[in-house]
Amino acid sequence: MQISSFKSGYVTLSLFAALSFFMANPVHAEQVVVYSARIEQLIKPMFDLFTEKTGIQVKFTTDKEGALLARLQAEGKNTPADLLITTDAGNLWAAAQAGLFRPYDSQVLKSNIPEHLRDPDNEWFGLSIRARTIVYNTDKVDPDDLSTYEDLADPKWKNRLCLRTSKKIYNQSLVAMMIAEHGEAETENIVKGWVSNLATDPLSDDTRAMEFVAAGRCDVTIVNSYYYGRLMQKNPDLPLGIFWPNQKSEHIGGVHVNISGAGLTRYGKHPQAAEQLLEFLSSIQAQKLFTDVNMEYPVNPNIVPDPIVSSWGRFKQSSLNLAKAGELQAAAVKLMDRAGYR
Ligand code: FE
């Protein structure tokens, strides 16, 4: 008994000594800790460049969006994380609602990131744009017959539409933004129209939906453009085309865009390094990497996307603030349920 209590006292003392050493030694503070829902290969190149430029080490943990949010919440004031990077404005909005972020009023972020892609209260910031658009079978569809998301509810698309499941936040955000534009009643009619045009049950993911279109099991679907890029890189001969909806002046909105983005955690231990990293991620150098590694679009309008992405042409994006995707997400989920979209 005596020996073990002596030992634990010794351990406590050594730990205390080590901690005081680290706290007193600023060299060891030159790091920043990131929780990232973007996988390592999509984020490490930006961190490496940041370290190269600043000498600040980036420690990071990757996991699913929900798991990281739950972890931040459970850790509270004790969290080691300084920055949360996650996909979809709905997730960023939820993190802000849960009080996990602290606002950061930064001229650098404001000038690098268009207003609709960041939180009006400065708690989260878009770092890359993902465009959710129409992909069609080039053997079966004349692109002149395509126009808007809303038009896919028209009976002319009966048994020709494939959709990914409504359980995915990408579709919840899409429908939430439609509610913001059209109101609930009209959006519900549109979603009901989609459901009655479905050629198959909703599919598990965007790639599968495009494979169904390519195989002729349906003619048209709605997916994020980077999945189109990845699939076409693997199988360049697939009869698939990309179409930017809602572009004409008489159409409401523009292409539905979403973001991957980040916020500074409320209880991070390296606030200044985290601010520096966040601003760096919006810079021209880092923004180039976002488009190169995942065929996404930069949020920084001064960057030309990678050549494949550029080859899909330019488009007008919806300019509604993405906070709406979070605010109206619960309404969107209920609406899709009422409309029979599973
Ligand atoms: Fe994705």
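Biologist: Is Y227 buried or exposed?

Modeller: This is a predicted model. Buried means under 20% relative accessible area. Y227 has 15%, so the residue counts as buried.

Biologist: And Y226, buried or exposed?

Modeller: Y226 is buried too, at 1% relative accessibility.

Biologist: Which residues coordinate the iron ion?

Modeller: Look for the donor atoms. Here they are the OH atoms of Y170, Y226 and Y227, at 2.0 to 2.1 Å.

Biologist: What spacing do these donors follow along the chain?

Modeller: The pattern is Y-x55-Y-Y.

Biologist: Now the empty space. How is that found?

Modeller: A probe the size of a water molecule is rolled over the atoms, and this shows where space is left empty.

Biologist: How many cavities of 30 Å³ or more does the structure hold?

Modeller: Two. The largest has a volume of about 110 Å³. Its lining has 14 residues; M177, E181, G254, H256 and S318 are the closest to its centre.

Biologist: Which element gives the most to that lining?

Modeller: Helix α6, with four residues. α6 spans 169-182, and β8 (256-264) also gives two or more. By class, the lining of the largest cavity has eight nonpolar, four polar and two charged residues.

Biologist: Which residues line the second largest cavity?

Modeller: R130, R132, Y170, N224, H256 and N258. The space in this cavity is about 40 Å³. β4 (125-137) and β8 each supply at least two of its lining residues. One lining residue is nonpolar, three are polar and two are charged. Note two names from earlier: Y170 coordinates the iron ion, and H256 is among the residues closest to the centre of the largest cavity.

How values were computed:
Residues are numbered from 1 along each chain as its sequence is written. This is a predicted model: local features need pLDDT of at least 70, side-chain atom pairs count only at pLDDT 80 or more; totals for chains, interfaces and linings use all residues. Side-chain values use heavy atoms; hydrogens and water are left out. Donors are N, O and S atoms within 2.8 Å of the metal (3.2 Å for Na, K and Ca); water is not among the atoms, so sites may look incomplete. Buried means under 20% relative accessible area, exposed over 50%, partly exposed in between (1.4 Å probe, protein chains only). On a 1 Å grid over the protein atoms alone, a cavity is a set of points where a 1.4 Å probe fits but cannot get out, and a pocket is an open set with protein on both sides within 12 Å along at least five of seven lines; lining residues have an atom within 4 Å of a point. Grid points are joined across faces, edges and corners, and a volume is the space filled by probe spheres set on the points. Ala, Val, Leu, Ile, Met, Phe, Trp, Tyr, Cys and Pro count as nonpolar, Asp, Glu, Lys and Arg as charged, and the others, Gly among them, as polar.
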